[in-house]
Amino acid sequence: MEWMAWTLPTAVFFVVIALILATMTLWELASPSVPRRGFLPMATTRGDRLFIGLLGSAFINLAWLGLTDWTQWGAVVLSVLYLAGVMRWG
Amino acid sequence: MKKIPNNRAWFLVLPVFVTVAFSAIIPLMTVVNYSVQDIFGPYNRVFVGTEFFEMVLQDRDLHEALQRQLLFSFWVLLIEVPLGIAIALALPVRGWLASLCLVLIALPLLIPWNVVGTIWQIFARPDIGLAGVAVNRLGIHYNYTAEPFDAWLTVLVMDVWHWTPLVALLCYAGLRAIPDAFYQAARIDGASAWAVFRYIQLPKLRGVLMIAVLLRFMDSFMIYTEPFVLTGGGPGNSTTFLSQFLTTLAVGRFDLGPAAAFSIIYFLIILLFCWIFYTVIENLGRAPR
């Protein structure tokens, strides 16, 4: 594993992503998702909304990093709120 | 009939999952790890956090390369898609002539990308190239090695020559799949050629057109070999596209950290466009729910 040059923050990041995916799989098995229409312009399943939430979060972090000098934790908090909003009302 | 829930078929996906993990997911995770560290050697690395991302995001050269790349992809789609449709419409429908035309049209697709670059490098040369000399003889000053506009035009024309056949072949296949009954109905109604195109052929081509747009966008957004061989990114930086910028960073300067940070941003942009196109394909023609 040495060649992959792991660091603690990136390891935590990937573990969180893996846990989210595992949880979503179990959730899907327990109660299969039905596409529904929220504020997004098309019908989405839970998995779609997670993808939209994660992709959007990546761009929120990049925009925060490129456009502001504030601490990156602000972007992380904003991303979590955005992800939760998309999952619930998207 | 009662449906029996059985998810064991998912195990059949396992080989693909293992292959993708080995060839894509693990390398991508390594790139993420590299992007937050300054790597001096295999056992000598320093954690730098988001510093490289910040550096890359504020890099003026990168912004310019991104603008060039978007502009290039925009022109590629704007020219190749209508031209591909027009060629597909003009091709013979059946007989030996149809087969001959299809083979001739498909020829540019069979040529390796670096060879395409070399062909055009010689073809467009203002001193010995057939096209370059011909254009200059017409009284139009043309020199792709010195003039940024000429270089741009040459890269664009080369891409159109190389990839319009793909769009044409896809559209041709799409057109052949339209049942004759539609055309018979149009004849009975006395529809004009334009009406047939607008209300029968174009809607029926929607599926293949979206695939063509998707493929052409992705390929043009990741273009590397042809402009690298043709112009080497010059004159100046005028034809340096994103992938060439990345290669210079990673292989030329061996700045693995910034190159990894840039790769992730590049990947996210492509992922975003892929998702937009995929969603559009999925939702086209579907009634709003």
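Leaving aside its neighbours within four places in sequence, B:P258 is in contact with B:F52, B:M55, B:V56 and B:L249, where contact stands for heavy atoms within 4.5 Å. B:P258 belongs to helix α12 of chain B, residues 256-283; helices here are DSSP runs of H or I with at least four residues, strands are runs of E with at least two, and both are numbered from the N terminus. With a relative accessible area of 5%, B:P258 is buried, a class that means under 20% relative accessible area, while exposed means over 50% and partly exposed lies in between, all with a 1.4 Å probe and protein chains only. From B:P258 to B:T248 the separation is ten residues in sequence and 11 Å in space, C-alpha to C-alpha.

The model is predicted, so local features need pLDDT of at least 70 and side-chain atom pairs count only at pLDDT 80 or more, whereas totals for chains, interfaces and linings use all residues. Residues are numbered from 1 along each chain as its sequence is written, chains are lettered from A and ligands numbered from 1 in the order in which they are written, and side-chain values use heavy atoms, with hydrogens and water left out.

**Nonpolar cores**

A nonpolar core is taken as a set of buried Ala, Val, Leu, Ile, Met, Phe, Trp, Tyr and Cys residues joined through side-chain atoms within 4.5 Å. The largest such core holds 56 residues, and within this core B:F53 and B:F262 touch the most other members. Helix α9 of chain B, residues 193-221, contributes the largest share of this core, namely twelve residues. A second, separate core has 14 residues, among them B:A124, B:Y144, B:M158 and B:F241. When neighbours within four places in sequence are left aside, B:F53 has contacts in both chains: A:L62 and A:L65 on one side, and B:S35, B:V36, B:A261, B:I264 and B:I265 on the other.

**The interface of chain A and chain B**

Chain A brings 22 residues to the contact and chain B brings 29 residues. The area buried between the two chains is about 2,300 Å², and carbon and sulfur atoms give 74% of this area; buried area is the accessible area (1.4 Å probe) that two parts lose on being put together, summed over both. On the side of chain A, the residues that lose the most area to chain B are A:M4, A:L62 and A:L65, which together make up 22% of what that side buries.

As for polar terms, the rule finds zero salt bridges across this interface, a salt bridge being a side-chain nitrogen of Lys or Arg within 4 Å of a carboxyl oxygen of Asp or Glu. It does find four residue pairs in polar contact across the interface of chain A and chain B, both residues at pLDDT 80 or more. A polar contact is a pair of N or O atoms within 3.5 Å; within protein, one must be able to donate a hydrogen and the other to accept it, and residues adjacent in sequence count only if both atoms are side-chain atoms.

Two elements, α1 (8-30) and α2 (46-67) of chain A, give two or more residues to the side of chain A that touches chain B, and α2(A) gives the most, with eight residues. That side divides into 17 nonpolar, three polar and two charged residues, with Ala, Val, Leu, Ile, Met, Phe, Trp, Tyr, Cys and Pro counted as nonpolar, Asp, Glu, Lys and Arg as charged, and the others, Gly among them, as polar.

**Salt bridges within the chains**

Over all chains the count comes to five salt bridges, including the three below.

| Pair | Closest N to O distance |
|---|---|
| A:R46 and A:E28 | 3.5 Å |
| B:D127 and B:R125 | 2.8 Å |
| B:R216 and B:D219 | 3.6 Å |

The first pair links distant parts of the chain, with A:R46 in helix α2 of chain A and A:E28 in helix α1 of chain A, 18 residues apart. A:R46 counts as buried at 10% relative accessibility, whereas A:E28, at 32%, counts as partly exposed. Besides A:E28, the contacts of A:R46 beyond four places in sequence include A:M24, A:W27, A:S31, A:P32, A:S33 and A:M87.

In the second pair, B:D127 is partly exposed with a relative accessible area of 48%, and B:R125 is partly exposed at 34% relative accessibility.

B:R216 and B:D219 both lie in helix α9 of chain B, three residues apart, about one turn of the helix. B:R216 is buried at 1% relative accessibility, while B:D219 is partly exposed with a relative accessible area of 28%. Salt bridges that share partners join B:E80, B:D159, B:R216 and B:D219 into one network.
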